[in-house]
Each structure stands twice: as C-alpha cells, then as structure tokens.
Amino acid sequence: MKHPCTVMFLLKTCLNLVSSQCTVAESEFRQSGDFVLGGLFDIHYVISASAHDWPEAVHCSSHHFVLPSYRRFQTMRFAVEEINNSSTLLPNVTLGYEIFDHCSSTDNFPSIFKFISQNKEVHPWFHLTHGLSDIVAVVGPFSSSDTDAIAPLLMMNFVPLISYGAGSSVFSEKSRFPSFLRTVHSNRDLVDVIVNILLYFKWSWVAFLYSDDAYGKDGQALFRKRIEDTDICLAYNEEVNFNTNVSRTMTQIETSRVNVIVVFVGEETAQYVIGEAIHVNVSKKVWIAVDAWSLNKKLPKMEGIENVGTVLGVSQRTVRIPGFDEFIYSTVRPCEREPGELCNQDCRDCEGVTPEDVLLSDPSYSYNVYTAVYAIAHALHDRLQCGSGACQKNTTVRHCEVLSQLRKSNFSLLEDVIQFDEHYDPKFGFYNIVFWSSSGDAEEVGFYSFYPSVKFYINTTKVKWYTDGKTPISRCSVECPVGYTKKQEGIHKCCFTCHVCPNGTYINVTDDAFSCQACGVSEWAPERSTSCNQRSVEFVPFEGAVPIVIMCGTVVLVGLSVLTAVLFGLNYNTPVVKSAGGPMCFLILGCLCLSSISVFFYFGEPTFASCMLRFFPFLIFFTVCLACFVVRSFQIVCIFKIGAKYPSVQRWWMKYHGQWLVIIAAFVVQTAMLCLEYSLSTPAPSSDYEWDQSKIILSCSGDFIAYLASGILLLVLCWLCFTFSYMGKDLPKNYNEAKSITFCLLLIIFTWVAFATQFILNNGKYIEPLNAMAVLSSLYSFLLWYFIPKCYIILLQPQRNTSKYFQGLIQSYTKTMSQ
C-alpha cells in the first residue's frame, strides 16, 4: 500500500514541475475566428525616422518599447476573449484578430495591405464594389498622424476604422473619412476643457507648445480659434520635437512673463520637453498636460519634477474593466512567444514584462480600446441577427453593412451607453482633471462631462500650488479697477493700460472692456461707472419755500400798489400827487400790478401757457411803466429848464398831450413786436440736459435773438429815462422827482446785471426763481423808491404837501436860473 502512494506523489510533483516551466507560447498578435478584427497598436515607437533608398518596412521590435500601448494591446485581446466566452452577444460565432505593432506612420504599410486584402491579394476595384477583405473592421491606430497616413487606404473600401486615440478634429469630416469612427473625444472637446480651466483660474497670458504632427497642429489651430472671443491671449507658441532647444524656449517664455504653459504633445515628446525643463532648472510654472501624457507614470516620479511648479492635466477617465487583471496574470508570463506570420507581429521586449508592470502602467485609452471592440461586436450581432439565441454565421458581411450598424450603436457597456453622433464621434464619456501630487501620483481634482449636458467642476482645495496655497497669476497686465476701460498696447488684447471712464459714460466689461459707452439722453453716470442711472426730472414747484416767499412778496406788492392808488385818489388835488404825475400815477401803479402777474408763472411744471405768460405781461406793462417815467422825467426837465429857454416847446407839448402820445406809441410798438416775436419763436416747455448731468431741468425755451427787439426797446426807454432824470439832478433839494427816478433806474439796472451774471454762471433749476425775483425787484424799485416817499409826505409831512410850499420852490429855482 505504501509503495503505490509514493509513486503517485512523485508523479504529481513531476507534473507540477513540467506545468510550471515556460514553453514557447503561440503568438499574441493573431487569433483565428469566424470574423477577424484588425488591430494597430504602437507597442514600439520610432523616435526618429531614417531615410530609405527604396521602400522598406521598419522592424518595430528593435525600437523604443511603450508599456502603456502594450497594455492597450492586451485590452483588445481580453475584449475578444470575453466576447467569445459570452453566450449572448455572438453565440456560436467566434471573433479572431490580426494585430500589428504600428510604430511608424510611414513604414508600417504591410499591415494596411493585409487589412484591405482578401486571400493575400489586393483588388481595390473589386473590393470597392463588394466591400470584402480578410477583416471586418480595424481598431486603431493610436495617434492622429498614424491615422491620417493609413485612413485613405481604408476609406477607399469603406473599411470601418475605429480609433481609440486619434483626436484630430479633421477626422470629423465625413466627406474625407466616411468610415472613420472613434471612441476618444475630438481635440475640439479637449481644447474646450483646457480653455475652461484657464478661464476658471483667470489665466489670460499663456504659452502653447505643440508637437509637429497632425495631433499637435490640430490642437494649436483649435486653441487659437477657441480663445478668439475670450480674455485669453497666446503670448508664446512653438512647435516642439526631440530636437527642440528647450532652454531657448523657456528663456523666451520667461522673457514674456508667462506663468502657464499648455503642452499639447504626445507622451514621448512630453517626456523629452519636461525632462529638459527640469534639466535647465525651469521653476514656478503651471503646466497644463493633455490626455496623451497627463497620466504618465514616469514623469511625476522624475527627480526634480517638484521644482518645475504645478502640473494640472486633462485625462481620459480610467474605468476598471472587470476580469482584466486576472486575464493579465494568466496570459502575461516571462516566456518566449512565437512570432506572427507577418512583419511587426512580434515583441521581444514583452518577454521580460511582468503582469504587475502592465497593471501599473498608464491606463489611458484602455477603456477606449475595450469600447471599440465591443462596438464592432454589437454591430456584428445586429448584422448576423443574433437576437434569437444563434447567429447566422454563414451570412456574407460587407464593410458598409458593419459601418451602418456601427453608426446606429446604442448599447450599455459598464458605466456608459455607447452611441455616436453625426460625425461618428462618441456621445459618451468625460474627461477627468488631475493634479500631480508630491507623491508622484495623478490625483483627480475635477471633471468635465459632455452628455447629456456640459458640467465642469474643480475642487481647488485638492490642488497644492507651488505658491503656497495662492492660485498663481498669469496676466500680461494687471486687471483694471472697476469703472476703467482698457487701452490695448501692442498686438495682444491682454496687454493694456487703464483709463477712467468720464462722466456721462459707463463701462460694461462683459460686452466691451475696451471702450466707454455713452449713456442715453435721459440717463447719467458719474466717473468710473459700470451702469447708467435715470436722471431725475426737476422744476420749481409751487410748494417750495422760495416760491411761496416770492408769491407772498408779489401779493404784498399788489396790496401796496392798491393802497397807494387809494391814497393818491383821496389826495388827488394835492401838489405831491400832481408832481408825481397826476393821473399817470394810477396808470403806473396799475401796470405794476399787471406786470406782477408774470411772477406766478415761473413755478410749477412748465406748459405752453405758463411759458408765454412768464414774459408777455411783464414786457408789455413794464414797457408802459418805463414810458411813463420817460415822459415824467422829460416833463420835469421841461418845466424847470426847457420851459424857461424854449417856451414854444413847452406849449406844443402841453397842447398835443405829448406824454400820452409817447406812452401809447411805446405800448403799441412793444405789443406789435412781441406778437411778431411770439409767432416766430413761441416759448415752449423744454428740457435742459446739459447743466446738471444727473438731472433733467424743465424750463421754457426761447430764442433770445428773436426777442432782441423788445429788449432793445426797454433799454432805449431806460436810457432816455436815465438821461432826462440825470439832467434834473441839480433841481431844488426838496423837489427830488428826478433823483428818485434815477435811483430807481440804478436799482433796476443792478438787479438785471446781477441776474444776467447768475444766468451765465449757474443756469440751473433755480434760475427760474431768480428770474421771478428780478421781475419783482424791478417792480418794487418803482413802488418803494418813487411812490412810498410821496405817501410818507402825504401822511406824515402834510406841511410839504401845499401849493405855497411848491410855488416857493419853483420861484426860487426860476430866479436862480434867470440870473
């Protein structure tokens, strides 16, 4: 019993030893199946292409190994195996693959010929008609340059080409690329995310470094166009590659005072540029990484990387694919692999790669590969009518039929609903925003989603800036204070000087930060305004203290005039009344009362009626008053001076009642001129917008030139009155009629000179009360200094109001004149 057990144990041990040894495994690059998928992965990368004298295919395995691409390569293999193990997606149908290492965009055409051939023969016209080849669709390639090089050959036969990494926006043009689809977002979306990050942190002065390939040039063109209507300026941009003098580039960026650098390049170029920046000791910058290198595993752990500043990146989201880890552990072993049948279907570097190496490499774009394979599988599911539980595997499947089903993709995969838009770009997925921490890891700090609506978020508390907590600043000019406009200096709108917006203008930085906008006619704005205010409408109301005082003064004037007229009427035959003008006194007092009517129309909101009555009564009746005083002054001079020397003139004046002729003539002429002037320029309500910018002052308009004739008539009457009264300055001391008139005229002249000065210097809301006061002052001048003294004599000095007293004065003066 014991011996057989020992034999069994030894046999089991030997079998275990045999199973643990490496054997030559079959090729990872090809697998047979009912339907074969093509795959292109840049497992190796040709850094610098060499020139050939004749067509020659490059041997990729002898060039630089790219571990993240090897991970994507394994993702396609895993997806095919998972689909083949599914009993629902493609039951009774197996998928195969033919994968090539696509390390160069110019020397990898054997793989493309394989994809468009049938039974190792290429018949373009035949295939164009029938749409058949050894493969049903192609997954890849990764870069835009590679895609741009090979796509025309595949487009010729409408071979579906689903790229997992080509972001160039040119591939959205279906007239040029009718059978191209992708599971990665276009550069247009990537640039949108970058610009939103710049706007979020208010970085307006940026540098843009881009690779000298289709990917970089497309990104640069899109970035330039995208920032046209923003506050972002491209301070510096340069095309970079492995021969770029990074030291010179960084010196120019430093000279331009740029603190934010967008690096729109592939992973290998990014490693060179950032590595050189570390070598030349570049510091205190913000680097914006694109999805091609934002999750790079080497750079964040490179010595000295912490000195370059802060690295923010836009990355493809990383989706954990169930079962992928187990697949890697079961398939990736350090054993020798059989080479594929064709060139570039082997990987010598892969023999030393461990599962841990693969799983710890950059996961970017792996989910895109997984999605592309599943999209093709679902298209075959629909074309082969697999919904009944079994596929019609003997059906001939043409490329255009697969393409038609791919366009209509609508299935769930892990966290997404896979769909394509009208440009065959993805309608699913989002970008992560990452930050390179001091630990050497890319931490997620935000996201930017596209569907079903755009959402943008950054958790700034997770970002540790090189400026010790403060967000770095990158601007050409310091932002202008509120209320200042920008004046551009040079070619960049971000470089400017600030100028204050003057009164009556405002600045709206949202619409136009480079010009001050004028306010409307009914609006106003002080200096440095950001909006206009409505002007307040002002006029002098009846309820104000000043108008009430003026109107009370007018009432008092009328009352005193009436009382004076009554007193003069009771003492009509006395010498004082006769010397004051006799019946002419009542005309003067009546005209004073009628002139005062104008005062009441200077208050309240102006109307056509009030504007006309402000001037008409005063000008008419004050003209009569002045005419009365003119003839009164002339009579005084005539009695005491002319009468003695020219008795005939005195007789003529008395015979034809010359005084009344002059008064009537003045009245008629003034009335006629006013009627003519009113017909030419009727006073009307007007709004003054000029005097006070914050107010609309309501007043009455009038053409002063049109009323010039009436004013000249008043001045002529004043001059005559003043002349005649001044001629009588040497009359008897107690007979002071001429002196009283002269004094009244001086007061009137002073009043209107003061008013005219105020009108010129301060023509505002209160010019109307001043005008009313000037009118009232003119009327009071005659009442107080001509009539009231005579009332004083009548009431308090009756001894001076006798014929004897007046005759004595006249005889004494006549005797003096004759001598």
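This is a short walk through one pocket and several salt bridges of a predicted model.

Let's start with the second largest pocket, which holds about 840 Å³ of space. Its lining is made up of 33 residues, and those closest to the centre are Tyr45, Val46, Ser145, Asp213 and Thr269. Three helices each supply at least two residues of this lining: H2 (67-84), H5 (144-156) and H9 (267-279). Sorted by class, the lining has 15 polar, 11 nonpolar and 7 charged residues.

Now for the charged pairs. The whole structure contains 16 salt bridges. One of them joins Arg30 and Glu98, with 3.5 Å between the closest N and O atoms. Arg30 sits in strand E1 (residues 30-31) and Glu98 in strand E5 (residues 95-101), so this pair, 68 residues apart, links distant parts of the chain. The two ends differ in accessibility: Glu98 is buried because its relative accessible area, 6%, falls under 20%, whereas Arg30, at 30%, is partly exposed.

Another bridge pairs Asp34 with Lys393, the closest N and O atoms lying 3.4 Å apart. Here 359 residues separate the partners: Asp34 is in the loop between E1 and strand E2 (35-41), and Lys393 is in the loop between helix H12 (366-383) and helix H13 (399-407). Asp34 is partly exposed at 36% relative accessibility, and Lys393 is likewise partly exposed at 36%.

Helices H12 and H13 are themselves linked by a salt bridge, with Arg383 in H12 and Glu401 in H13. The N to O distance in this pair is 2.8 Å, and Glu401 is partly exposed at 21%. Finally, look for Arg317, Glu415 and Asp416, which salt bridges with shared partners join into one network.

Terms used. Residues are numbered from 1 along each chain as its sequence is written. This is a predicted model: local features need pLDDT of at least 70, side-chain atom pairs count only at pLDDT 80 or more; totals for chains, interfaces and linings use all residues. Side-chain values use heavy atoms; hydrogens and water are left out. On a 1 Å grid over the protein atoms alone, a cavity is a set of points where a 1.4 Å probe fits but cannot get out, and a pocket is an open set with protein on both sides within 12 Å along at least five of seven lines; lining residues have an atom within 4 Å of a point. Grid points are joined across faces, edges and corners, and a volume is the space filled by probe spheres set on the points. Helices (H or I, at least four residues) and strands (E, at least two) are DSSP runs, numbered from the N terminus. Ala, Val, Leu, Ile, Met, Phe, Trp, Tyr, Cys and Pro count as nonpolar, Asp, Glu, Lys and Arg as charged, and the others, Gly among them, as polar. A salt bridge is a side-chain nitrogen of Lys or Arg within 4 Å of a carboxyl oxygen of Asp or Glu. Buried means under 20% relative accessible area, exposed over 50%, partly exposed in between (1.4 Å probe, protein chains only).
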